[in-house]
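Work through the three exercises below with the structure in view. Try each task before you read its solution.

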Amino acid sequence: MDWFGAESYWVSSIVFQRGLALIYLVAFVSAALQFRALIGSRGLTPIPRYLERVSFRSSPSLFHLHYSDRFFAVVAWTGVAVSAALLLGLGDGLPLWAHMVVWAVLWALYLSIVNVGQVWYGFGWETLLCEVGFLAIFLGPAAMEPPLLILLALRWLLFRVEFGAGLIKIRGDPCWRDLTCLYYHHETQPMPNPLSWYSHHLPKPLHRVEVAANHVTQLALPVLLFLPQPVAGIAAIVMIVTQLWLVASGNFSWLNVLTIVIAASAISDGLWSTLLPVTPPAELEPAPLWFRVVVLLVAAVVVVLSYGPVTNMVSRRQVMNRSFDPLRLVNTYGAFGSITRRRDEIVIEGTSDAAPGADTEWFEYEFKGKPGDVRRRPPQVAPYHLRLDWLMWFAALSPSMAGPWFRPLVAKLLEGDRDTLKLLRHNPFPERPPTHVRARLYRYRFTTPAERRETGAWWHRELIGEFLPPVSLGGRTG
């Protein structure tokens, strides 16, 4: 038997590649539609200004060679087109070298965006997509047997994603150890979805069961990924089920969907045959010698670069979501080591009054995803990523996190900047920009079932105080 190929994972390879192509498609669309307002030449944190401070070596990107908003748009929409072609299976018939080139192009384009995306791309799922995208280059086309070492590298990645997240929880907030974190999490998570209100109101004993099941899934099952089938595949299926629960109860961009796609690669064709009416080819092409050498080199690189993530995982000072190399090849992951007990939201308001006073009427800007109008049901936006909405959640937790971009955001609203307004759900000043803008901090909580029946509101809120006093283009007022 040839040690290199894993013929019994042909379906896994196809499912993985299609799923990854879909996530790439969403990621590139998100980049194309949001970049001008966030990181474009006139954005809140412009790429040209960032490139003046960083070198190509520390942050490899095509944009070090050339940057313009038009060029960024070409990069993003090229990524959309290539992702869509791969999703439709147009890459299956390519020769091995061409198949690798196509996936390498996707990886290089998205890495180029992430490495200049600054705070807007500082999320773990961005780095995760870069790492998964790199491994996908070496999985091979449909006619060839998938390389066993790349499939093992994907399992090692899944192990780090789940086990790292489990460790950072059990070492972090005491509520993970006393099984009470989900008393709060569904309500205080960055961006609740349509089912989050219902999840929050589940009985507390069930919340404790959820946390205990999470510990089992993240701290015990990852070890089983390296056992023979069907044990490894069953462990992966359980992980997929838990990720689907997270998809159903919150908006975490493509993190959960991408984790599901990675887990799919650990399921053997024997298990897939019970789920999908797909029959693998009778015979697959063996990999050529040059490709075997390349895969061995890639495996060696993964082993060497795993030192940083492993050291981080075993450390009592474990950090989450960190890259240890500028190409983001092997990284460390984890989330929600601490859980917030209260939810604060920044509400931005504007007025057309020339001199705002006690009787001034203020009108709220409504965001697409984050809570605002208490009667608006939390929307489903994942796997799409609303970058500004997520950063608003962090800004409410710590105003220092909003330092580089919040006042520029207010200035864009005062100017009536079209690209910025496209990021919002509702602009209360469609005719002309406001004269003044302010930001206030509110304490939000989910309504009780009784309040929901009485008022129709999903949220209850109380004013805490001022986040930003009224300002105009000419300067501060009040």
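The exercises that follow use a predicted model.

**Exercise 1. Two helices**

Task: Decide how the axes of α5 and α12 are oriented to each other: roughly parallel or roughly perpendicular?

Solution:
- Find the helices: α5 covers residues 124-136, and α12 covers residues 255-264.
- Take the geometry. Their axes come within 10 Å and cross at roughly 25°.
- Apply the cut-off: angles under 35 degrees count as roughly parallel.
- Therefore α5 and α12 are roughly parallel to each other.
- Add the handedness: α5 passes α12 in a left-handed crossing.

**Exercise 2. Salt bridges**

Task: Find where D69 and R36 lie, and say what their pairing ties together.

Solution:
- Start with the pair. D69 and R36 form a salt bridge, with the closest N and O atoms 3.8 Å apart.
- Place the partners: D69 is in helix α3 (residues 69-87) and R36 in helix α1 (residues 10-38), so the bridge ties together parts 33 residues apart in sequence.
- Check D69. Buried means under 20% relative accessible area, and D69 has 16%, so it is buried.
- Check R36. At 35% relative accessibility, R36 is partly exposed.

**Exercise 3. A network**

Task: Name the residues that are linked with K370 in a network of salt bridges.

Solution:
- Begin with one bridge: K370 meets E345 at 2.9 Å, N to O.
- Locate both ends. K370 is in the loop between β5 (366-367) and α16 (387-397), while E345 is in strand β3.
- Check burial: K370 and E345 are both buried.
- Complete the network: R343, E345 and K370 are linked.

Notes:
Residues numbered from 1 in each chain as written. Predicted model: local features only at pLDDT ≥ 70, side-chain atom pairs only at ≥ 80, totals over all residues. Heavy atoms only, no water. Axes fitted to C-alpha atoms, helices over the stretch in contact; angles between N-to-C directions. Helix = DSSP H or I, 4+ residues; strand = E, 2+ residues; numbered from the N terminus. Parallel < 35°, antiparallel > 145°, perpendicular 65-115°, else oblique. Left-handed = near helix turned anticlockwise from the far one by under 90°. Salt bridge = Lys/Arg side-chain N within 4 Å of Asp/Glu carboxyl O. Buried < 20%, exposed > 50% of the residue type's maximum accessible area, 1.4 Å probe, protein only.
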